[in-house]
Amino acid sequence: MHQVLNADILKEQYVVYGSFYYMHVSSEITLPCRNCLEIIDRERFKDPEVPEALFIMMNPGSSAPLDDKSELPEYWIDKIEETGEVPIEWVLANPPTCFLPGREERRRIRHV
């Protein structure tokens, strides 16, 4: 059976960084987006380039910038389609509500 850890315990063990932005679909429609989210063990952080798990997630997610007053970059969808990518700009983030590890093992998890 999986153990569900209290959110306060998780926040003590892990730190969350995300890359958030606004995507302008048209002059009337702007969508909040996240292109990357990393949940990092505070004690056993090893190699930032080698995640222990990779999850593909959909926008919008439940995570958000920790500082809700932070200014997020804005991009137009045609520019994103042209380049095929959005720059990653890390900020401290609130963890996603789906982050409930079932084992005592501490992991570094990258959400893309």
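**Exercise 1. Surface and burial**

What does the accessible surface of the chain come to, and what share of it belongs to carbon and sulfur atoms? Add the share of buried residues.

Solution. The model is predicted. Start with the surface: it comes to about 7,800 Å². Carbon and sulfur atoms hold 55% of that area. Now turn to burial, with a cut-off of under 20% relative accessible area. Of the 112 residues in the chain, 31% are buried.

**Exercise 2. Fold and contacts**

How many helices and strands does the chain have, and in what pattern? Then state the share of contacts between residues 24 or more positions apart.

Solution. Count the elements: 2 helices and 7 strands. Read them along the sequence: α-β-β-β-β-β-α-β-β. Next, take the contacts with a separation of 6 or more. Residues 24 or more positions apart make 79% of these.

**Exercise 3. The nonpolar cores**

Which residues make up the largest nonpolar core? Which strand gives the most to this core?

Solution. List the members: Leu10, Tyr14, Val16, Phe20, Leu37, Ile39 and Ala93, 7 residues in all. Assign them to strands. β1 (14-24) and β2 (30-41) each supply at least two. β1 gives the most, with 3 residues. Then look for a second group. Another core, of 6 residues, lies apart from the largest one. Tyr21, Met23, Cys33 and Tyr75 are among its members.

**Exercise 4. Around Phe20**

Which residues does Phe20 touch, not counting those up to four places away in sequence?

Solution. Leave out the sequence neighbours, as the task says. Phe20 then touches Cys33, Arg34, Ser63, Ala64, Pro65, Leu72, Pro73, Glu89, Val91 and Ala93. Compare this with the core list: Phe20 and Ala93 both belong to the largest nonpolar core.

Terms used: Residues are numbered from 1 along each chain as its sequence is written. This is a predicted model: local features need pLDDT of at least 70, side-chain atom pairs count only at pLDDT 80 or more; totals for chains, interfaces and linings use all residues. Side-chain values use heavy atoms; hydrogens and water are left out. A nonpolar core is a set of buried Ala, Val, Leu, Ile, Met, Phe, Trp, Tyr and Cys residues joined through side-chain atoms within 4.5 Å. Buried means under 20% relative accessible area, exposed over 50%, partly exposed in between (1.4 Å probe, protein chains only). Helices (H or I, at least four residues) and strands (E, at least two) are DSSP runs, numbered from the N terminus. Contact means heavy atoms within 4.5 Å. Accessible areas come from the Shrake-Rupley method with a 1.4 Å probe; for residues, only the protein chains shown count as cover.
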